[in-house]
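Colleague: I would like to test the labels on this model one by one. Please give me the value and the rule each time.

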Amino acid sequence: MASAPSAAPAIAVHQLVKRYGDARAVDGISFSVERGDFFGFLGPNGAGKTTTINAIVGLARIDGGRIEIFGHDVSTAWRQARRLIGLAPQEYNFDRYLRVREILMYQAGYYGLRPRDVAARIDALLERFALGVKADAFVSQLSGGMKRRLTLARALVHDPQIVILDEPTAGVDVELRLELWETLRALRREGKTIILTTHYLEEAEALCERVGIIENGRMVALEETAHLLRSHARDELTITLAHPVQEPPPVLAHFGARVDPQDGARLRFERLGPLELSEVLALLGRAGIDVEAVNTERATLQDVFLELTGRGAR
Ligand code: ATP
């Protein structure tokens, strides 16, 4: 395995530009991922995520900027950089004439690892990803979920320090998704640095400590997930009245109440502290307005994403 200079971040992207013809698929983005971080790279379709990942792993020639992997420049020290990364790509790109175990052996060969040195590791990966019984099967004989697991096993063959997963849970059922989440958390505990792209924002929220949101080739947010949730989307508080109303009760004029357009019995508030809530309930009580329920709805990454990009992830 290549050496990793200790002080450098796992991944450092400076002012990356990638053009296709006149279009800038990636338009000067910068971000870094520290060793051991779990980073979510999010954005709508066509935003530039896969292009950025391809640039990081050396699959796409870059038109501007610089990318370093543990201090190794991907353009000038391609081999050292590439060995430190395992990529689980979005599209299946398996050789259909190879069997599952052979696919892993060939991958090891790309990194100069000899079969006898990796045989035990490959057995362990087949076991870990529940592919042992399919070791001699062709890819065409695997289910979609098995192909996803094989993609991940292949990314890990050379025991890379960084694992990049481009939509690893696209099209898998709920059970496998949760299983993959556990696998990714385990990799994180083993000290791997992980970059994940996903359109399932609850997935990014559950797994990623930091997220970057890209839109039209530009980074529109780059923050710790918890901080992003706190700073951009607000938790909402709802008070359900016993009877619907047309307008917020006048006694609540100073509290920014809105009547839910779908349900006139619901009053919605943003940023209502506990003291203000007691005051609101007391005012409603004094005005003879009965309250049925009080609920808070926690802001999600989906809310932030919509606020920043003005559209859904898919
Ligand atoms: P998705 O979520 O749909 O996978 P993405 O964020 O990964 O999207 P990219 O695949 O990086 O987006 O695409 C970014 C832009 O670059 C898009 O406008 C896309 O059409 C364009 N693009 C990507 N690859 C090529 C290519 N080989 N030739 C020309 N244009 C390309």
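Colleague: Why does Thr197 count as buried?

Modeller: Thr197 has 0% relative accessibility. Buried means under 20% relative accessible area, exposed over 50%, and partly exposed in between, with a 1.4 Å probe and protein chains only. So Thr197 counts as buried. Before we go on: this is a predicted model, where local features need pLDDT of at least 70, side-chain atom pairs count only at pLDDT 80 or more, and totals for chains, interfaces and linings use all residues. Residues are numbered from 1 along each chain as its sequence is written, and side-chain values use heavy atoms, with hydrogens and water left out.

Colleague: Where is Thr197 placed, and what joins its side chain to that of Asp166?

Modeller: Thr197 is in strand 8 (residues 193-197). Strands (E, at least two residues) and helices (H or I, at least four) are DSSP runs, numbered from the N terminus. The side chains of Thr197 and Asp166 share a polar contact of 2.6 Å. The rule asks for a pair of N or O atoms within 3.5 Å; within protein, one must be able to donate a hydrogen and the other to accept it, and residues adjacent in sequence count only if both atoms are side-chain atoms.

Colleague: Which residues are closest to the ligand?

Modeller: Asn45, Gly46, Lys49, Thr50 and Thr51 are the closest of 13 residues around the ligand. A residue is near a molecule if one of its heavy atoms lies within 4 Å of it. Helix 1 (residues 49-56) gives the largest share of this shell, three residues.

Colleague: Which distances link Asn45, Ala47 and Thr50 to oxygen atoms of the ligand?

Modeller: For the side chain of Asn45, 2.8 Å from an N or O atom. For Ala47, 3.1 Å from a backbone N or O atom. For Thr50, 2.8 Å from a polar side-chain atom. The protein buries 57% of the 640 Å² that the ligand exposes when taken alone. Those areas come from the Shrake-Rupley method with a 1.4 Å probe; for residues, only the protein chains shown count as cover.

Colleague: What makes Phe31 and Phe39 a stacked pair?

Modeller: A ring pair is described by the distance of the centres and the angle of the planes. Rings of Phe, Tyr and Trp (its six-membered ring) pair if their centres lie within 6.5 Å; planes under 30 degrees apart count as stacked, over 60 as edge-to-face and the rest as tilted. By this rule there are four aromatic pairs. Phe31 and Phe39 are 5.3 Å apart centre to centre, with 10° between the planes, and are stacked. Phe31, at 4% relative accessibility, is therefore buried, and Phe39, at 0%, is buried too. Tyr92 and Phe94 also stack, at 6.1 Å and 20°.

Colleague: Are Tyr92 and Phe94 buried or partly exposed?

Modeller: Tyr92 has 35% relative accessibility, so the label is partly exposed. Phe94 has 14%, so Phe94 is buried.

Colleague: How do you know that the charged end of Arg177 sits over the ring of Tyr200?

Modeller: The charged end of Arg177 is 3.8 Å from the centre of the Tyr200 ring. The rule needs NZ of Lys or CZ of Arg within 6 Å of the ring centre and within 35 degrees of the ring normal. Arg177 is counted as sitting over that ring.

Colleague: Why is Phe70 called buried?

Modeller: Phe70 has a relative accessible area of 0%, so the label is buried. Phe70 lies in the loop between strand 4 (64-69) and strand 5 (72-73). Phe70 also has a positive phi of about 45°, although it is not a glycine.
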